[in-house]
Amino acid sequence: MSPTSTESMKSHLGDAGSHVKQAAQDTREAVRNAAGAAGDELKLGRANVKADLADSALAGLAAAEEAGGAAREQMDALMDKSRDLIDSAAELVRERPLASFGVAFAAGFILAKLASSNNGNK
């Protein structure tokens with residue numbers, strides 16, 4: 001090889017080395033930027049998940065409060081009906097005390113017979 005060919009080859013190898021070094025620096029910079037962007041996206045995603053879970057919890061609490069209100073309304077309605085039935089029964093007893101006593105006695109007698117026949121079958 002001639003001295004100029006050797007010098008030319010060294011120059012080209014030097015240029016190639018410089019380009020490889022620059023490519024490595026560019027790669028490192030690209031990876032650093034990508035990691036930063038990924039970190040930012042993760043922070044944003046985490047914030048969005050927290051917000052969605054908080055909204056879900058609030059909606060669940062609101063539903064529970066609505067269910068509690070509906071249950072209270074149903075309980076109040078049942079209590080009103082039971083008071084009406086008790087009042088009706090009390091009125092019936094006041095109007096017809098002998099008939100009420102007879103019905104109560106008959107019901108007690110039937111329940112006693114049913115209870116004794118069930119005890120005998122065991």
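A residue is taken as buried under 20% relative accessible area, as exposed over 50%, and as partly exposed in between. In this predicted model, Asp 80 has a relative accessibility of 42% and therefore counts as partly exposed, and Arg 83, with a relative accessible area of 44%, is likewise partly exposed. These two residues form a salt bridge in which the closest N and O atoms are 3.0 Å apart, and both belong to helix α1, where three residues, about one turn of the helix, separate them in sequence.

The count of salt bridges comes to two. Besides the pair just described, Arg 32 forms a salt bridge with Glu 29, with the closest N and O atoms 3.2 Å apart; both of these residues also lie in helix α1, three residues apart, or about one turn of the helix. Arg 32 is partly exposed at 48% relative accessibility, and Glu 29 is partly exposed with a relative accessible area of 37%.

A patch of negative charge on the surface is made up of Asp 84, Asp 87, Glu 91 and Glu 95. Of these, Glu 95 is found in helix α1, which spans residues 3-95, and its relative accessible area of 54% places Glu 95 in the exposed class.

In helix α2, which covers residues 97-121, lies Ser 100, a residue whose relative accessibility is 16% and which therefore counts as buried. When neighbours within four places in sequence are left aside, Ser 100 is in contact with Leu 92 and Val 93.

Technical notes
Residues are numbered from 1 along each chain as its sequence is written. This is a predicted model: local features need pLDDT of at least 70, side-chain atom pairs count only at pLDDT 80 or more; totals for chains, interfaces and linings use all residues. Side-chain values use heavy atoms; hydrogens and water are left out. Patches are made of residues with over 30% relative accessible area and no salt bridge: like charges are joined within 9 Å, nonpolar side chains (Val, Leu, Ile, Met, Phe, Trp, Tyr) within 5 Å. Accessible areas come from the Shrake-Rupley method with a 1.4 Å probe; for residues, only the protein chains shown count as cover. A salt bridge is a side-chain nitrogen of Lys or Arg within 4 Å of a carboxyl oxygen of Asp or Glu. Lys and Arg count as positive and Asp and Glu as negative; His and the chain ends are not counted. The place of a charge is taken as NZ of Lys, CZ of Arg, CG of Asp or CD of Glu. Helices (H or I, at least four residues) and strands (E, at least two) are DSSP runs, numbered from the N terminus. Buried means under 20% relative accessible area, exposed over 50%, partly exposed in between (1.4 Å probe, protein chains only). Contact means heavy atoms within 4.5 Å.
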